[in-house]
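Student: I've got this one open on my screen and I'd like to go through the reasoning behind the labels. Can we take it step by step?

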Amino acid sequence: MNGLFGALRDAGPDHWGRRVIEKHAGRAQLGELDYLLESPDDRAGALGFGHNNMPPAPQRKFNKTVDLEKLQALADALVIDEIPNDPHTQQVQDLMLLSTSMGGARPKTVLQDGDGLWIAKFNRPDDRWNNTRVEHAMLRLAHECGITTAENRIETVGGKDVLLVKRFDRYKTAKGYMRARMVSALTILRADEAPEARQNWSYVILVEELRRIVEDAKKDARELFRRICFNALISNVDDHPRNHAVIAKERNWKLSPAYDLTPSVPVSLERRDLALDCGDMGRYANAKNILSQHARFLLDKDEAQKIINNMKAQVETTWYETLRSSGVSEKDSRILRGAFVYPGFSL
Ligand SMILES: Nc1ncnc2c1ncn2[C@@H]1O[C@H](COP(=O)(O)OP(=O)(O)O)[C@@H](O)[C@H]1O
Ligand SMILES: [Mg+2]
């Protein structure tokens, strides 16, 4: 695992942050520890990294909502590779204003407002649809399906939509931000992203591990079951193990709110696969498959079947209205139609 324990890896930057850091450092690739040391203190979870015994002083200045337009322009420039390869230019210096420490591949930054800290997720110039509005809509739809989701809202700056997702690993107090610990499902599964390490990518194993770790096993096991159904119903095939996490505000661990819910429109109408195994038929995003391991999720068969049926009906009847009332255009809604309750789900 490149010399890093999973829990440390979770605190490091991922594709997006690495790209920013490499550009800033003027180098193509750095060591795993360099990435940790180069990324600022707003990283996910409670860990801090420094050269000495004492943790580095907390970063005081966070970006504000008023900076969004500039940050969006910087993110665009990096995505379309318009940033010069010269570390002395202002643009390269400014890059570090973008958050490098949060994971994920999409352009993003961290912001502070009166309510706390938020992850701001930007659209990319080459996106097929308005991702930020669509993700906002999916978080709403998931909430309506009884799933606990991260608080979120849309801000529009200079005509561009930005999704703000409230950080669930930071709590504002009079003395500053308290940090919750955070560990990804990739770490819980003792897995890696390398193709040969993916045999551990399994919701069935994940739920077993969760039941050992979390405070309220029944609650979180059932919640995970709902999330699997939801991902299958919206064709969210980007549900990889970094898109699930557990957090501990104090002593006890629990499943984090759901985040990064994105529909897709694969060509196949019969078979779509989630990123993790979800039943006896492997990764197949299919109702029978999901039902097959109901007992591991501490649900009896009837309860599990009922969750599946109700959620299917809910998504079927409300996806369009939820997209449109979240500001997704008619055109984007049409492109995305095939994501919802695809025929293979009920085969
Ligand atoms: N609301 C949140 N609070 C704290 N950490 C979060 C939150 N949302 C996402 N994260 C962390 O940030 C990472 C990147 O966010 P994500 O929404 O998955 O972006 P991307 O679309 O680029 O994958 C996640 O893998 C997770 O570790
Ligand atoms: Mg993600």
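Tutor: Sure. Start with how the two domains meet: 9 residues of domain 1 are in contact with 12 residues of domain 2. Keep in mind that this is a predicted model.

Student: Which stretches make up domain 1 and domain 2?

Tutor: The domain assignment gives 1–51 + 60–104 for domain 1 and 173–346 for domain 2. Taken over C-alpha atoms, their centres are 28 Å apart.

Student: What makes the largest nonpolar core lie between domain 1 and domain 2?

Tutor: First, who is in there. The core has 88 residues, and the members touching the most others are Leu206, Leu224, Phe225, Cys229, Leu233 and Val315. Helix H9 (residues 217–233) gives the most to this core, 8 residues. Both domain 1 and domain 2 give residues to the core, so it lies between them.

Student: What does Cys229 touch once you skip its neighbours within four places in sequence?

Tutor: Cys229 is in contact with Ile290, Ile307, Ile308 and Met311. Ile307, Ile308 and Met311 also turn up among the buried residues of H11.

Student: Sticking with H9, why is Ala232 called buried?

Tutor: Ala232 sits in helix H9. The cut-off for buried is 20 or more other C-beta atoms within 10 Å. Ala232 has 30 C-beta neighbours inside 10 Å, so it counts as buried. Leaving aside neighbours within four places in sequence, its contacts are Leu274, Ala285, Ile290 and Phe345.

Student: How far apart are Ala232 and Ala287, in sequence and in space?

Tutor: They're 55 residues apart in sequence and 8.3 Å apart in space, C-alpha to C-alpha.

Student: Now H11. How do you know that its span agrees with its number of residues?

Tutor: Helix H11 (residues 301–325) has 25 residues, and at 1.5 Å a residue it should span 36 Å; the end C-alpha atoms are 35 Å apart, so the two agree. There is still a bend of about 50° in H11, at Thr318.

Student: What do the buried residues of H11 pack against?

Tutor: Helix H6 (131–144), H9, helix H10 (287–292) and helix H12 (330–336). The buried set in H11 is Ala304, Ile307, Ile308, Met311, Val315, Trp319, Thr322 and Leu323. After H11 comes Gly327, with a positive phi near 90°.

Student: Do the same for H4: how do you know its span agrees?

Tutor: Helix H4 (residues 68–79) has 12 residues, which at 1.5 Å a residue should span 16 Å; its end C-alpha atoms are 16 Å apart, so that agrees.

Student: And what makes you put the buried residues of H4 on the same side?

Tutor: The buried residues of H4 are Leu68, Leu71, Gln72, Leu74 and Ala75. Around the axis they cover an arc of only 160°, which puts them on the same side of H4. They pack against strand E1 (63–64), helix H5 (90–95), strand E2 (108–113), strand E3 (116–122), strand E4 (152–157) and strand E5 (160–166). Just after H4, Asp81 has a positive phi of about 60°.

Student: Which residues of H8 are buried?

Tutor: In helix H8 (residues 203–213) they are Tyr203, Leu206, Val207 and Leu210. Their arc around the axis is only 95°, so they too are on the same side of H8. Helix H7 (185–188), H9 and E10 are among the elements covering them.

Student: What is the phi of Ser235, and why does Ser235 count as buried?

Tutor: Ser235 isn't a glycine, yet its phi is positive, about 55°. You'll find Ser235 in the loop between H9 and strand E9 (245–248). With 24 C-beta neighbours inside 10 Å against a cut-off of 20, Ser235 counts as buried.

Student: And Asp260, buried or exposed?

Tutor: Asp260 has 21 other C-beta atoms within 10 Å, so the verdict is buried. Asp260 lies in the loop between strand E10 (254–255) and H10, and its phi is positive, about 50°, although it is not a glycine.

Student: Last one: why is Ser39 called buried?

Tutor: Ser39 has 22 other C-beta atoms within 10 Å, and the cut-off is 20, so it is buried. Ser39 is in the loop between helix H3 (32–38) and E1. Not counting residues up to four places away in sequence, it touches Gly12, Pro13, Gly17, Ile21, Thr100 and Ser101.

Note on methods. Residues numbered from 1 in each chain as written. Chains lettered and ligands numbered in written order. Predicted model: local features only at pLDDT ≥ 70, side-chain atom pairs only at ≥ 80, totals over all residues. Core = buried A, V, L, I, M, F, W, Y, C linked by C-beta atoms within 7 Å. Buried ≥ 20, exposed ≤ 12 C-beta atoms within 10 Å, placed from the backbone. Helix = DSSP H or I, 4+ residues; strand = E, 2+ residues; numbered from the N terminus. Domains from an automatic or database assignment. Contact = placed C-beta atoms within 7 Å. Expected span 1.5 Å × (residues − 1). Bend = angle between axes of the 7 residues up to and from the residue. Arc of directions from axis to C-beta.
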